Amino acid sequence: MASLFVSLGRSLVKLLIALPVIIGLSISSPAMAAQWDAETLTVPASPGGQQVTFSEADIKAGSKLFKGNCGTCHNAGITKTNQNVGLDPETLALATPARDNVDALVAFMKDPSSFDGEYSIADTHPSTSSSDIFVQMRNLNDDELSQIAGYILTAPKVMGPNQWGGGKIYF
Ligand code: HEC
C-alpha cells in the first residue's frame with residue numbers, strides 16, 4: 001500500500017514537471033500560424049474537382065462582405081430561419097446541385113434556388129438578380145462574390161467545424 005502511494009507521488013512529480021513543458025509546447029505550436037497556410041486557403045473551385053487557392057487578403061475581404069451582407073441570417077455559418085440549410089460543407093454538398101465549391105456558391109448568389117434545386121428563391125433570398133429588392137447586392141461584382149464564396153469554404157477550416165455551421169446535422 002505504502003509503495004503504491006510512493007509511486008503515485010512520483011507520477012505526480014513527473015506530471016508537475018511535464019505540465020509546463022506541455023503547456024509551453026502547445027502555446028508555441030505551429031497550429032495557430034498554420035491557419036492561413038496554402039492548404040487552408042485552397043478550396044474546390046468547381047464541381048469537376050478543380051481547386052483554387054485564395055490569398056489571405058481575399059478571405060479577409062470575403063469575411064467583411066459576408067458579415068455585412070449575409071451575417072444577419074448566416075452568422076457563424078448557420079441559417080437562422082432554416083437551421084436545416086446551414087453553410088457547413090456537409091450541408092452544402094447535399095444540396096442540388098452541390099454547393100460546396102466556389103462556382104456553385106457564386107451561381108447561388110446570382111440566382112439562388114431551393115435546397116432541392118427545384119425552384120428559384122431569388123424573391124426571398126438576397127441575390128444579384130433580385131438586387132431591386134435586396135439593394136445591398138447591387139454593389140457586389142464577380143470578384144467579390146468569389147471572395148464571399150472563398151470565405152464560406154475556408155471558414156470551417158479556420159474556425160473549426162464546431163464553430164462554423166453549428167457542427168451538427170439537424171435532419
Ligand atoms: C434574410 C436572411 C438571409 C440573408 C441576408 C442571406 N441568406 Fe442565405 N439563406 C437564407 C435562408 C432562409 C436560406 C435557406 C433557403 C432555402 O433553402 O429555402 C439560405 C440559404 C443559403 C445558402 C444555401 C445553403 C445550403 O446548404 O444549400 C447559401 C449558400 C446562402 N444562403 C448564402 C448566402 C450568402 C452568401 C448571403 C449573403 C450574400 C446570404 N445567404 C444572405 C437566409 C438569408
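Let's start with the largest nonpolar core, which has 20 residues in this predicted model. The residues with the most contacts inside that core are L105, I148, A149, Y151 and I152. Three elements give two or more residues to the core: α3, spanning 56–69, α6, spanning 102–110, and α7, spanning 142–159. Of the elements, α7 gives the most, with 7 residues.

If you'd like one residue to click on, try I148. Leaving aside residues up to four places away in sequence, I148 touches G62, L65, F66 and M109.

Now, M109 takes us over to α6. Which residues of α6 are buried? They are V102, A104, L105, F108 and M109. Looking down the axis of α6, you find these buried residues within an arc of 165 degrees, so they line one face of the helix. As a reminder, an α-helix has 3.6 residues a turn, so residues three or four places apart point the same way. And what do the buried residues of α6 pack against? Their partners are β1 at 42–44, β2 at 51–53, and α7.

Let me step back to the whole chain for a moment. There are 7 helices and 2 strands, and along the sequence they come in the order α-α-β-β-α-α-α-α-α. The chain has 171 residues, and 22% of them are buried. For those of you who like contact maps: taking contacts between residues at least 6 apart in sequence, 52% join residues at least 24 apart.

On to the ligand. It is surrounded by 24 residues, and the closest are C70, C73, V85, T91 and A95. The elements giving two or more residues to this shell are α4, at 71–74, α5, at 89–94, and α6. Sorted by class, the shell around the ligand holds 13 nonpolar, 10 polar and 1 charged residues.

While we're in this part of the chain, have a look at L94, which sits in helix α5. Is L94 buried or exposed? Neither, quite: L94 counts as partly exposed, because 15 other C-beta atoms lie within 10 Å, and being buried takes 20 or more. L94 and F115 are 21 residues apart along the chain, and their C-alpha atoms are separated by 8.3 Å.

Two backbone details may interest anyone planning to set up a calculation. Most residues other than glycine have a negative phi, and most peptide bonds are trans. With that in mind, where is the cis peptide bond? It joins T96 and P97, with omega at about -10 degrees. P97 lies in the loop between α5 and α6. The other detail is A76, a residue other than glycine whose phi is positive, near 60 degrees. You'll find A76 in the loop between α4 and α5. A76 is partly exposed, because it has 13 C-beta neighbours inside 10 Å, whereas exposed would mean 12 or fewer.

Finally, a word on confidence. The chain averages a pLDDT of 86, and 77% of the residues score at least 70. Which stretch falls below 50? That would be residues 28–33, which have 0 contacts in the model beyond near neighbours in sequence. Where pLDDT is low, the predicted coordinates should not be read in detail.

So, to go back to where we began: keep an eye on α7, which gives the most to the core, and on I148, among the residues with the most contacts inside that core. Thanks, everyone!

How values were computed: Residues are numbered from 1 along each chain as its sequence is written. This is a predicted model: local features need pLDDT of at least 70, side-chain atom pairs count only at pLDDT 80 or more; totals for chains, interfaces and linings use all residues. A nonpolar core is a set of buried Ala, Val, Leu, Ile, Met, Phe, Trp, Tyr and Cys residues joined through C-beta atoms within 7 Å. Helices (H or I, at least four residues) and strands (E, at least two) are DSSP runs, numbered from the N terminus. Two residues are in contact if their C-beta atoms, placed from the backbone, lie within 7 Å. A residue is near a molecule or strand if its C-beta atom, placed from the backbone, lies within 6 Å of it. Ala, Val, Leu, Ile, Met, Phe, Trp, Tyr, Cys and Pro count as nonpolar, Asp, Glu, Lys and Arg as charged, and the others, Gly among them, as polar. pLDDT is the predictor's confidence in each residue, from 0 to 100. The arc is that of the directions from the helix axis to the C-beta atoms.
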